[in-house]
Amino acid sequence: MDTAPASDRPGDQRQQEHPPYAEVQASAEFGELRRAHRSFAFPLTIAFVSWYLLYVLLSNYAGGFMDTKVAGNINVALVFGLGQFLTTFLIAWWYSRHAAAKLDPRSAAIKSSMGSSE
């Protein structure tokens with residue numbers, strides 16, 4: 001049985017050296033960071049998944065519409081399929097701008113308040 005005081009145990013000493021993550025997580029600044037991320041990521045994720053499911057459902061159940069020629073041998077299905085790639089890259093680009101403008105400064109402020117030099 002270990003009779004040493006809690007502060008003398010090696011694991012406890014190591015824990016005291018680390019910043020108080022639970023306090024940071026409970027802080028208003030961290031809540032704002034989480035809100036800024038979620039208010040961007042969740043709606044875009046829902047929109048993109050809906051757009052993708054529309055494409056899949058139309059491909060399965062509206063073959064006549066998807067086979068409609070747009071120009072030459074290019075049909076609606078091809079346009080929708082290429083649109084999936086385009087929206088993927090646009091969302092990634094948009095998110096990187098959002099993160100650089102809104103998330104990175106907030107996370108840097110939180111990190112500096114923790115006294116971290118990483």
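Helices (DSSP runs of H or I with at least four residues) and strands (runs of E with at least two) are numbered from the N terminus. The views show a predicted model, in which local features need pLDDT of at least 70 and side-chain atom pairs count only at pLDDT 80 or more, while totals for chains, interfaces and linings use all residues. Residues are numbered from 1 along each chain as its sequence is written, and side-chain values use heavy atoms, with hydrogens and water left out.

**View 1. The elements of the chain, from the N terminus on.** The chain has five helices and two strands, and these follow one another in the order α-α-α-α-β-β-α. Of its 118 residues, 17% count as buried, where buried means under 20% relative accessible area, exposed means over 50%, and partly exposed lies in between (1.4 Å probe, protein chains only).

**View 2. The positive surface patch, with arginine 38.** Arg34, Arg35, Arg38, Lys102 and Arg106 form a positive patch on the surface. Patch members have over 30% relative accessible area and no salt bridge, with like charges joined within 9 Å and nonpolar side chains (Val, Leu, Ile, Met, Phe, Trp, Tyr) within 5 Å; a salt bridge would put a side-chain nitrogen of Lys or Arg within 4 Å of a carboxyl oxygen of Asp or Glu. Lys and Arg count as positive, and their charges are placed at NZ of Lys and CZ of Arg. Helix H3 (28-61) and helix H5 (76-113) each supply at least two residues of this patch, and the largest share, three residues, comes from H3. Arginine 38 has its place in helix H3 and, with a relative accessible area of 43%, is partly exposed.

**View 3. The largest nonpolar core, with alanine 99.** Six residues make up this core, namely Val24, Leu33, Ala36, Ala99, Leu103 and Ile110. H3 and H5 are the elements that give two or more residues to the core, and the largest share, three residues, comes from H5. Such a core is a set of buried Ala, Val, Leu, Ile, Met, Phe, Trp, Tyr and Cys residues that are joined through side-chain atoms within 4.5 Å. Alanine 99 is placed in helix H5 and counts as buried because its relative accessibility is 12%. The C-alpha atoms of alanine 99 and alanine 36 are separated by 9.2 Å, although the two residues are 63 residues apart along the chain.

**View 4. Serine 107 and leucine 33.** Serine 107 lies in helix H5, where its relative accessible area of 32% makes serine 107 partly exposed. Between the C-alpha atoms of serine 107 and leucine 33 there are 7.0 Å, while 74 residues separate the two along the chain.

**View 5. The nonpolar surface patch, with valine 79.** Val70, Ile74, Leu78, Val79, Leu82, Phe85 and Phe89 make a nonpolar surface patch of about 700 Å², the accessible areas coming from the Shrake-Rupley method with a 1.4 Å probe and, for residues, only the protein chains shown counting as cover. H5 gives the most to the nonpolar patch, with five residues. Valine 79 lies in helix H5 and, at 41% relative accessibility, counts as partly exposed. From C-alpha to C-alpha, valine 79 and methionine 66 are 9.2 Å apart in space, and in sequence they are 13 residues apart.
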